[in-house]
Amino acid sequence: MEKIIDYKGVEIRRNEHVALRDVDFAVSPGEFVYLLGRVGSGKTSLMKTIYAEVPVASGRARVFDYDLNTIKKRDIPFLRRKIGIVFQDFQLLSDRTAYANLEFVLEATGWNDRRAREERIDEVLRQVGMATKAFKMPHQLSGGEQQRIVIARALLNRPGLIIADEPTGNLDPETGEQLMAHLYESARSAGAAVLVATHNHGFVRRFPGRVLRCERKMLME
């Protein structure tokens, strides 16, 4: 099976300091992978290399068909279209409805057919149980509902990989649990690989997956 992520001997630096070294890991389609570790252990730095926000200092790193060592700036948007990202702070546009937030993403990524956009937005909203809230403004939605819209946004372009960096960090325990359940089910039904950075070890028991740990500047199974 072809690997979506394939890192061998990778070193990651932030501000000239080594964040992680000798990183060897691979992720295949359909895998659900946890990235555990304390704050400052390198989890976010590793995730940011995957969508070319942070460069790889050395080693060999491929994501989909892109070589992260040599990727050109003009190719980065095409790489990112293949990746759905769930941020901790939502990053929804506050001046437009949930529907318009999703339409903005599709327009920005080349969906020129209005009917196709409408059908895809309706599909992902149903998938996350938000079909009746499409025309609410973000401030009219609860934190959990906003987070479902964020998952819908991540699924829009049918990504082969979903990255979630501490997605429940700003949520109460019950809403956080609901978010992980939606992410788990949505991703599995879409056949996407998922990489979730979290410090909540309880999720690993409730939503089983492969576990990687950032510790002492190393990545370990």
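# A guided tour of helices and sheets

Begin by selecting helix α3 (residues 98-108) together with helix α4 (residues 114-127), which pack at an angle of about 125 degrees with their axes 10 Å apart. That angle makes α3 oblique to α4, and the crossing in which α3 passes α4 is right-handed. Keep in mind throughout that this is a predicted model.

Now show the side chains where these two helices touch: Tyr99, Leu102, Glu103, Leu106 and Glu107 on the α3 side meet residues of α4, among them Arg117, Glu118, Arg120 and Asp122. Sorted by class, the contact of α3 with α4 has 6 nonpolar and 6 charged residues, and no polar ones.

**Next stop: from α3 to α5**

Keep α3 on the screen and add helix α5 (residues 143-155). How far apart are the axes of α3 and α5, and at what angle do the two helices pack? Their axes are 10 Å apart, and the angle is about 25 degrees, which makes α3 roughly parallel to α5. The crossing of α3 and α5 is right-handed. To see the contact itself, select Ala98, Leu102 and Val105 in α3, which meet Ile149, Ala152 and Arg153 in α5; these residues divide into 5 nonpolar, no polar and 1 charged.

Pause at Arg153, whose place is in helix α5. Is Arg153 buried or exposed? Its relative accessibility is 16%, and Arg153 therefore counts as buried, since the cut-off for buried is under 20%. Leaving out residues up to four places away in sequence, Arg153 touches Phe90, Gln91, Leu92, Leu102 and Val105.

Then move to Leu156, which is found in the loop between α5 and β7 (161-165). Leu156 has 0% relative accessibility and so counts as buried. If neighbours within four places in sequence are set aside, Leu156 is in contact with Leu102, Val105, Leu106, Trp111, Arg120, Ile121 and Val124. Several names should be familiar from the first stop, where Leu102 and Leu106 in α3 were seen to meet residues of α4 that include Arg120, Ile121 and Val124.

**Third stop: α5 beside α6**

Hide α3 and bring in helix α6 (residues 173-190), which packs with α5 at an angle of about 20 degrees, the axes being 10 Å apart. The two helices are therefore roughly parallel to each other, and their crossing is right-handed. In the contact, Gly143, Gly144, Gln147, Arg148, Ile151 and Leu155 in α5 meet Thr175, Leu179, His182, Leu183 and Ser186 in α6. By class, this contact has 4 nonpolar, 6 polar and 1 charged residues.

**Fourth stop: the sheet of six strands**

Now display the open sheet that 6 strands form in the order β6-β7-β8-β3-β9-β10, with mixed pairing. Look at its edges, where β6 (83-86) and β10 (218-220) each have a single partner strand, so that one side of each is left without a neighbour in the sheet. Neighbouring strands of this sheet are turned against each other by 20 degrees on average, if direction is ignored.

Zoom in on β7 and strand β8 (residues 193-197), which pair in the parallel sense over 5 bridges, and find Leu161, which stands opposite Ala193 in β8. Turning the helices back on, you can see that α5 packs on the sheet and touches β6 and β7, its direction making about 165 degrees with that of β6. Helix α6 packs on the sheet too, touching β3 (32-36), β7 and β8, and its direction makes about 140 degrees with that of β3.

**Last stop: the sheet of four strands**

Finally, select the open sheet of 4 strands in the order β2-β1-β4-β5, where the pairing is antiparallel. The edges here are β2 (17-27) and β5 (66-67), each with a single partner strand, so one side of each lacks a neighbour in the sheet.

Within this sheet, β1 and β2 pair over 7 bridges in the antiparallel sense, and Arg13 has Val18 in β2 as its bridge partner. The two strands form a hairpin with 2 residues between them, and Asn15 in the turn has a positive phi of about 55 degrees. At the other end of the order, strand β4 (residues 58-63) and β5 pair in the antiparallel sense over 2 bridges, with Arg62 standing opposite Asp67 in β5. To finish, add helix α1 (residues 43-50), which lies across β1 (5-14), β2 and β4 and runs at about 120 degrees to β1.

Conventions. Residues are numbered from 1 along each chain as its sequence is written. This is a predicted model: local features need pLDDT of at least 70, side-chain atom pairs count only at pLDDT 80 or more; totals for chains, interfaces and linings use all residues. Side-chain values use heavy atoms; hydrogens and water are left out. Axes are lines fitted to C-alpha atoms, for helices over the stretch in contact, and angles run from 0 to 180 degrees between N-to-C directions. Angles under 35 degrees count as roughly parallel, over 145 as roughly antiparallel, 65 to 115 as roughly perpendicular and the rest as oblique. A crossing is left-handed if the near helix is turned anticlockwise from the far one by less than a right angle, and right-handed if clockwise. Contact means heavy atoms within 4.5 Å. Ala, Val, Leu, Ile, Met, Phe, Trp, Tyr, Cys and Pro count as nonpolar, Asp, Glu, Lys and Arg as charged, and the others, Gly among them, as polar. Buried means under 20% relative accessible area, exposed over 50%, partly exposed in between (1.4 Å probe, protein chains only). Two strands pair if DSSP finds at least two bridges between them.
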